[in-house]
Amino acid sequence: MHEFSLAKATKQTILQIYQQNQNLKNITVLIGEIQQIDTKLFKDALLRELSDVDISLKFELLPAKLKCNICSFEFYYNQLNLSEEEKESIHFIPETIHIFVKCPNCNSNDFKIIEGRGIYVKV
Ligand SMILES: [Zn+2]
């Protein structure tokens, strides 16, 4: 499953940071808003992976930020008026975002996701 391999990869990153600074007690895991994972499954898997490491994890959602390729306008995914169905579709197949979302400034669907995809570790 995708969630488990992602949890393993995140664990490696956290352990690398931890080895460089053993006094570290808190680590924040940022989960991109447009990320094709079951967040709860991922959290549980990661907590299990790190159960023998003395570190406390905090999880935060990282809002997705989009940037128009035509007019360079930057906008946030969570400020758009999307229906639940559209959001669900984007969650499972992020590429469909170009069907449902248009730049609020120039109406183009030619934009890129510059933040909010993937998992980030913050100390
Ligand atoms: Zn635009």
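**Figure 1. Buried residues of helix α1.** Leu6, Ala7, Thr10 and Ile14 of α1 are buried (20 or more other C-beta atoms within 10 Å of the residue's own, against 12 or fewer for exposed and in between for partly exposed, with C-beta atoms placed from the backbone). Viewed down the axis of α1, the buried residues fall within an arc of 100 degrees, so they line one face of the helix; the arc is that of the directions from the helix axis to the C-beta atoms. The model is predicted: local features need pLDDT of at least 70 and side-chain atom pairs pLDDT 80 or more, while totals for chains, interfaces and linings use all residues. Residues are numbered from 1 along each chain as its sequence is written.

**Figure 2. Extent and exposed face of α1.** Helix α1 covers residues 2-20 (helices are DSSP runs of H or I with at least four residues, strands runs of E with at least two, numbered from the N terminus). Its 19 residues reach 28 Å from first to last C-alpha, close to the expected 27 Å (1.5 Å times one less than the number of residues). Turned away from the buried side are the exposed residues Ser5, Lys8, Ala9, Gln12, Gln16, Gln19 and Gln20.

**Figure 3. Cover and packing of α1.** The cover of the buried residues of α1 includes β1 (26-32), α2 (39-49) and β6 (119-122). Residues of α1, among them Phe4 and Lys11, meet residues of α2, including Phe42 and Glu49 (contact: C-beta atoms, placed from the backbone, within 7 Å).

Conventions. Contact = placed C-beta atoms within 7 Å.
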